[in-house]
Amino acid sequence: MTDLSEKLSFLLELINCNYPVGMWHTASYDSEPSPVGTTPALSFRPDHFSSEEDIRSLKEYLLTGSPAPVILEYGIGLLWIVGFTFVPESPVARDLYFLGPFFTAKHSRHAILQRMDLYSVSLPVRRQLTDGLLHVAVVPYPGITRIAVMLQKCLTGNTIPFSSVRTIGTKPDSADDDFMFFNKSHDGIYVAEKEFLQMIREGDSRYHEALKVSSTLSAGMRVQSGDSLRNAKNNALVLLTLVSRAAMDGGLDSSTAYDMNDAYAERVEACRTITEIATVSSQLVEDFASRVQQHKVNAGVSTLILQTCDYIRANLHSPLTIRELSKRCGYSEYYFSRRFRREMGVSVRKFILDCRLVKAYDLILTTDMTISDIEASLCFESRSYFIGAFRDKYGCTPGGLRSGKT
């Protein structure tokens, strides 16, 4: 029993690296549950929110003698993984282990309060329960089944297929869209994606948090090509499309956004590993978000100068001259230079140099291009000038950055 307790405690620690859940042991559904390992402060017990129908469903399942764990769903929408150990050489379950609770979608306070109407509790308790439910672990249904398989391995030493994990219990009212079960959980995904894209539009630096929530709810499109690399590229291109449109809504110049979209699409297609795709995906989100944020920060900067900045960032691989840029704006070189410095706080030449150095830094870390090719592609005046400017900005040489000698 000690060996089993150690295994279960270790499994719980691993799961709690990502999700705040608890584990409870009971000799039968009707007996008092006792915690296994460390239980999070906000974790609920398996008898919280249960109903007679839930108890009956679980007891009926136990009578089938099936050794596979189940996912027990309460009327409020909470899910518990229930695993069993058995009397030797008998289909009779000896102990029950409850792991959870989980939601498959993030719910609003309003939706949870509506669900609280199912229970006769005082207003203070209602508020306390609602606050706790807002912190319940949100895990896509496939992820919950994977955890169930791991629990089964700890309890019995047997490995079972995902398909053997069933769901039983009271299903939430189908009329309540905010608590639809997993096969209707796109609502939760949609809400999370909307929050993420709205942060991109607003230049909100907290978009990382919203993207993390969205990614825990969905692994991307369900249509599979049979090629994991192709699937990853497809999902990256969808992300690129959504983010670029949101950035345009947030004020990014459309021509710049489309140029960036094309450039990042080419980079995604050129990726040879899923790790590379993940890196490019992170960079494209950061790039679009930072540009929108810069637009918001520079609210007092004229549209013409902002568009010029976007044009510079999108054309770093081409020669850029004050003469060309001023002509695009319809100004003389003198007036354009003075106005750019006044609005942006730096000279045109310094702005172009900084943008090229940032791009060079990115290419050094994410591509196999030689230092010489990067220098030439970004139109630096000379190799010595490139190395000197790079050292001044980043405190190391381009070669030192690539080799890790910073």
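This report covers the nonpolar cores and one helix, α12, of a predicted model.

**The cores**

The largest nonpolar core holds 50 residues. Leu-8, Leu-58, Leu-99, Phe-102 and Leu-133 have the most contacts inside it. Helices and strands both feed this core; those giving two or more residues include α1 (2-15), α2 (52-63), β4 (79-86) and β5 (93-103). Also on that list are β1 (22-26), β3 (70-73), β6 (137-138) and α5 (141-156). The top contributor is α5, with 8 residues.

Which residues does Leu-133 touch, leaving aside those up to four places away in sequence? They are Phe-44, Phe-49, Ile-76, Leu-78, Phe-103, Ile-112 and Met-116.

Another core lies apart from the largest one. It has 32 residues, and Leu-306, Phe-351, Ile-374 and Ala-389 are among them.

**Helix α12**

Helix α12 spans residues 322-329. Its residues include a buried set and an exposed set, listed here.

| Set in α12 | Residues |
|---|---|
| Buried | Ile-322, Leu-325, Ser-326, Cys-329 |
| Exposed | Arg-323, Lys-327, Arg-328 |

Why do the buried residues sit on the same side of α12? They cover an arc of only 95 degrees around the axis, so they share one side of the helix. Arg-323, Lys-327 and Arg-328 are on the other side.

Neighbouring helices help cover the buried residues of α12. The cover includes α11 (303-314), α13 (333-344) and α14 (348-366). After α12 comes Gly-330. The phi of Gly-330 is positive, near 80 degrees.

Definitions and conventions. Residues numbered from 1 in each chain as written. Predicted model: local features only at pLDDT ≥ 70, side-chain atom pairs only at ≥ 80, totals over all residues. Heavy atoms only, no water. Core = buried A, V, L, I, M, F, W, Y, C linked by side-chain atoms within 4.5 Å. Buried < 20%, exposed > 50% of the residue type's maximum accessible area, 1.4 Å probe, protein only. Helix = DSSP H or I, 4+ residues; strand = E, 2+ residues; numbered from the N terminus. Contact = heavy atoms within 4.5 Å. Arc of directions from axis to C-beta.
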